[in-house]
Amino acid sequence: MRTAVFVERDGILNVERVERGQPMPPLAIEQLQHNPQAIEPLLRLKAAGYLLIATTNQPWVSRGVLPRRELDLMHSILRRTFSLDDIFVCPHDHSEFCPCHKPRPGLLFEASFKWKLNLEHCVVISNKWQDAEAARNAGCTSILVESPWIGAGRGDAVVARLGDVVSKLGKLQYTQAA
Ligand SMILES: [Zn+2]
């Protein structure tokens, strides 16, 4: 069985805009701006043998604001930029009560089925509490990067910067093995 690092897309891989106090994803390819701080940590995790898998809620697809084709184009750019192995999308609005809308763990289960993952050894990296909650529901470890969206620190660990994720992960694994 393989292990993966799951990364939230908006705010980790690409820069989030903030509108009326809420994070907003890019809704057109011209708005997609990759986060340069994510390049090196993700390369190091890939070199350590993890699959790199992004997960993302994109309710604007279901709401008819974001064309699926535009989203797919953005994802092909992100896959190339970060050497991602896969991207799993929930296109539904939260009012649809689908099993894949984070904080529900459906995307993690879907990825686990496709890639034969041992979720107990997988790690979720995000700047939002919803991912920590999904991680807990799926049995993964979560590391949250400080942001206005992490809630009451529900992650297994919180780091100040994305660059601190790799060393934090090493320490978590050392503690678990001891
Ligand atoms: Zn969904």
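Which residue just after α4 takes a positive phi? Work through the exercises below to find out.

This is a predicted model, in which local features need pLDDT of at least 70 and side-chain atom pairs count only at pLDDT 80 or more, while totals for chains, interfaces and linings use all residues. Residues are numbered from 1 along each chain as its sequence is written, and side-chain values use heavy atoms, with hydrogens and water left out.

**Exercise 1. Describe the overall fold.**

Step 1. Count the elements. The chain has six helices and eight strands. Helices (H or I, at least four residues) and strands (E, at least two) are DSSP runs, numbered from the N terminus.

Step 2. Read the order. Along the sequence the pattern is β-β-β-α-β-α-α-β-α-β-α-β-β-α.

Step 3. Judge the compactness. The radius of gyration is 15 Å, close to the 16 Å from the globule rule for 178 residues, so the chain is as compact as a globular protein of that length. This radius is taken over C-alpha atoms, and the rule is 2.2 Å times the number of residues to the power 0.38.

Step 4. Add the extent. The C-alpha trace spans about 50 × 30 × 30 Å along its principal axes.

Step 5. Look at burial. Of the 178 residues, 51% count as buried. Buried means under 20% relative accessible area, exposed over 50%, and partly exposed in between (1.4 Å probe, protein chains only).

Step 6. Look at contacts. Among contacts with a separation of 6 or more, 60% come from residues 24 or more positions apart. A contact means heavy atoms within 4.5 Å.

**Exercise 2. Trace the strand pairing around β6.**

Step 1. Find the partners. β6 (123–126) pairs with β7 in the parallel sense over four bridges. β1 also runs parallel to β6, joined by three bridges. Two strands pair if DSSP finds at least two bridges between them.

Step 2. Place the residues. Val123 stands opposite Thr141 in β7, and Ser126 stands opposite Leu144 in β7. On the β1 side, Phe6 stands opposite Val124 in β6.

Step 3. Sort the faces. In a regular strand the side chains alternate between the two faces of the sheet. In β6, Val123 and Ile125 point one way, Val124 and Ser126 the other, and all are buried.

Step 4. Repeat for β7. Thr141, Ile143 and Val145 point one way, whereas Ser142 and Leu144 point the other way. Five of the five residues of β7 are buried.

**Exercise 3. Compare the buried residues of α4 and α5.**

Step 1. Take α4 (residues 106–115). Gly106, Leu107, Leu108, Ala111 and Ser112 are buried there. They pack against β1, β4, β5, β6 and α5.

Step 2. Use helix geometry. An α-helix has 3.6 residues a turn, so residues three or four places apart point the same way.

Step 3. Take α5 (residues 129–138). Its buried residues are Asp131, Ala132, Glu133, Ala134, Ala135 and Ala138. Their cover includes β1, β4, α4, β6 and β7.

Step 4. Check what follows each helix. Lys116, just after α4, takes a positive phi of about 55°. That settles the opening question. Just after α5, Gly139 has a positive phi of about 85°.

Step 5. Pick out Glu110 in α4. Glu110 counts as partly exposed because its relative accessibility is 42%. Cys100 is ten residues away in sequence and 8.6 Å away in space, C-alpha to C-alpha.

**Exercise 4. Find the unusual backbone spots in the loops.**

Step 1. Go to the loop between β2 and β3, which holds Arg20. Arg20 is not a glycine, yet its phi is positive, about 50°. Arg20 is exposed because its relative accessible area is 84%.

Step 2. Go to the loop between β5 and α4, where Phe97 is found. Phe97 has a positive phi near 50°. At 65% relative accessibility, Phe97 counts as exposed.

Step 3. Pro103 also lies between β5 and α4. The peptide bond from Lys102 to Pro103 is cis, with omega near 25°.
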